[in-house]
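The following paragraphs walk through a protein model, from its surface to its interior. Please keep the structure open while reading.

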Amino acid sequence: MGEIIAWVVIVALVVWCIRSLVKSRKEGGSCAGCSSCDGGCSHCSQNCASQNTKGDKLKNMMTVTVHVDGMMCGMCEAHVADAIRKALPQAKKVKAKHKKNMATFCIDETFEESAVKHAIDQIGYEYKGMSVE
């Protein structure tokens, strides 16, 4: 009986891991061919102007990098990305990476840096600055 329970638990964990992996890939996780770079290599990096899929609308977008301390895992990344989306609904391609202590997004209009700082500080992470390209 104990072996059956153990096998059921193992199968459930494997199914959960596979579902999580599929969900992560659908939501824009790092590319499958480059998992070791965490999305940081030249063919994975986020470049808003080069990913123009809707005509000229994205050509004038700025890439913003926000430096954030305190992220420890994928859930932290989700919280930071959600806070940025909530503070700046016009932001596109919002991604956070706990291993690099940063979040990136694209935006085509000016915004208040204080809005981003407040959003990140409000959820318990430490805003360390921002750069715009």
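The model is predicted. Start at the N terminus, where Met-1 lies in the segment before helix 1, which spans 2–26. Met-1 has 75% relative accessibility and therefore counts as exposed, the cut-off being over 50%. Together with Ile-4, Ile-5, Val-8, Val-9 and Leu-13, Met-1 makes a nonpolar surface patch of about 640 Å².

From this patch, turn to the interior. The largest nonpolar core has 20 residues, and Val-66, Val-80, Phe-105 and Val-116 have the most contacts inside it. At least two residues of this core come from each of strand 1 (62–69), helix 2, strand 2 (92–97), strand 3 and helix 3 (113–122). Helix 2 supplies the largest share of the core, four residues. Leaving aside residues up to four places away in sequence, Val-116 touches Val-66, Leu-88, Phe-105, Phe-111 and Tyr-127.

Strand 3 covers residues 102–107 and includes Thr-104. Because its relative accessibility is 11%, under the 20% limit, Thr-104 counts as buried. The C-alpha atom of Thr-104 is 5.5 Å from that of Val-64, although the two residues are 40 residues apart along the chain.

Helix 2, residues 74–87, also holds a charged residue, Glu-77. Which side chain of opposite charge is nearest to Glu-77? That side chain is Lys-97, 6.9 Å away; Glu-77 is buried yet has no salt bridge. A salt bridge would need a side-chain nitrogen within 4 Å of a carboxyl oxygen. Glu-77 nevertheless touches Lys-97, along with Met-71, Ala-96 and His-98, when residues up to four places away in sequence are not counted.

Technical notes:
Residues numbered from 1 in each chain as written. Predicted model: local features only at pLDDT ≥ 70, side-chain atom pairs only at ≥ 80, totals over all residues. Heavy atoms only, no water. Patch = residues over 30% accessible without salt bridge, like charges linked within 9 Å, V, L, I, M, F, W, Y side chains within 5 Å. Areas by Shrake-Rupley, 256 points an atom, 1.4 Å probe, with all protein chains shown as cover. Buried < 20%, exposed > 50% of the residue type's maximum accessible area, 1.4 Å probe, protein only. Lys, Arg positive; Asp, Glu negative; His and termini not counted. Contact = heavy atoms within 4.5 Å. Core = buried A, V, L, I, M, F, W, Y, C linked by side-chain atoms within 4.5 Å.
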